[in-house]
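Reader: I'd enjoy a close look at the charged side chains of this protein, and at the aromatic rings as well if there is room. Could you walk me through them once the structure is up?

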Amino acid sequence: MLIRDVTPDDWPAIWPFLQTIVARGDTFTYPRDLDEATARDMWLLQPPSRTVVAVSEDGTVLGTAKMNRNHMGGSAHISSASFMVAPEHTGHGTGRALAEEALCWARAEGYRGMQFNAVVASNVRAVGLYESLGFEVLGTVPEGFLHPDEGYVGLHIMYRGL
């Protein structure tokens, strides 16, 4: 697997799984009916932020990540990131590789920590991955997320220093 900076030519491979994940509505706080143009603007970030893709040896896009500062001003030293792995490619280390890349990027850019503002508590695979990488749950917004199957569930704020 290779992780590289995204190019505009990658978008046609990203959009189908991004749309599927967002429409499912069980892991991201994005509107379930997110349109393609808005999604593209939200996901394909410009420097100093970064968007990457994980690709297989044959060039198949397996997943993607976006990395950015979490806030501006006096909090601009804390980074954030978001990750999406194509459903047919989950469970093979793509998410972990993307998260490790985001942590390396944040360190290289001089950030002092990484914070995730909205990790759906019922997304146990993501929570477990982040915890295995040293993130901790700082707090949980009770019933902060309306899951399509489980109803209202918690929304974690997770953090790790760099």
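To start with one residue: does Arg-24 count as buried, partly exposed or exposed, and what is its relative accessibility?

Author: Happy to! Please keep in mind that this is a predicted model. Arg-24 counts as partly exposed, because its relative accessibility is 38%, and the cut-offs put partly exposed residues between under 20% for buried and over 50% for exposed. Arg-24 has a partner in Asp-26: the two form a salt bridge in which the closest N and O atoms are 3.1 Å apart. Asp-26 itself falls on the other side of the lower cut-off, since a relative accessible area of 16% makes this residue buried.

From there we can move on to the other salt bridges. The count for the structure comes to 4. One of them joins Arg-4 to Asp-10, with 2.8 Å between the closest N and O atoms. Here Arg-4 is the partly exposed partner, at a relative accessible area of 27%, while Asp-10 is buried at 5%.

Another salt bridge is formed by Glu-101 and Arg-50, and its closest N and O atoms are 2.8 Å apart. Glu-101 belongs to helix α3 (residues 94-108) and Arg-50 to strand β2 (residues 50-55), so this pair ties together parts that lie 51 residues apart in sequence. Glu-101 is partly exposed, with a relative accessible area of 22%. Arg-50, at 18% relative accessibility, counts as buried. These two residues also take part in a network of salt bridges, in which they are linked with Asp-5.

Some charged side chains gather on the surface instead. Asp-33, Asp-35, Glu-36 and Asp-41 come together there as a patch of negative charge. The members of such a patch have no salt bridge and over 30% relative accessible area. Asp-33 is a good one to find in your viewer: look in the loop between α1 (11-24) and α2 (36-43). Its relative accessibility is 66%, so Asp-33 counts as exposed.

Now for the rings. A pair of aromatic rings is described by the distance of the centres and the angle of the planes. The structure holds 8 aromatic pairs. In one of them, Phe-83 and Phe-116 have ring centres 5.9 Å apart and planes at 85 degrees, so the pair is edge-to-face. The cut-off for that label is an angle over 60 degrees. Phe-83 sits in strand β4 (residues 78-85) and Phe-116 in strand β5 (residues 113-120), so the contact ties together parts that are 33 residues apart in sequence. Both strands contribute a buried ring residue here: Phe-83 has a relative accessible area of 11%, and Phe-116 has 4%.

Phe-116 also forms an aromatic pair with Tyr-130, this time a tilted one, with 4.6 Å from centre to centre and 50 degrees between the planes. That pair links distant parts of the chain, as Phe-116 is in strand β5 and Tyr-130 in helix α4 (residues 124-132), 14 residues apart. Tyr-130 is buried too, with a relative accessible area of 11%. If you follow the ring pairs further, you will find that they link Phe-83, Phe-116, Tyr-130 and Phe-135 into a cluster.

Key: Residues numbered from 1 in each chain as written. Predicted model: local features only at pLDDT ≥ 70, side-chain atom pairs only at ≥ 80, totals over all residues. Heavy atoms only, no water. Patch = residues over 30% accessible without salt bridge, like charges linked within 9 Å, V, L, I, M, F, W, Y side chains within 5 Å. Areas by Shrake-Rupley, 256 points an atom, 1.4 Å probe, with all protein chains shown as cover. Lys, Arg positive; Asp, Glu negative; His and termini not counted. Charge placed at Lys NZ, Arg CZ, Asp CG, Glu CD. Helix = DSSP H or I, 4+ residues; strand = E, 2+ residues; numbered from the N terminus. Buried < 20%, exposed > 50% of the residue type's maximum accessible area, 1.4 Å probe, protein only. Phe/Tyr/Trp six-rings, centres within 6.5 Å; stacked < 30°, edge-to-face > 60°.
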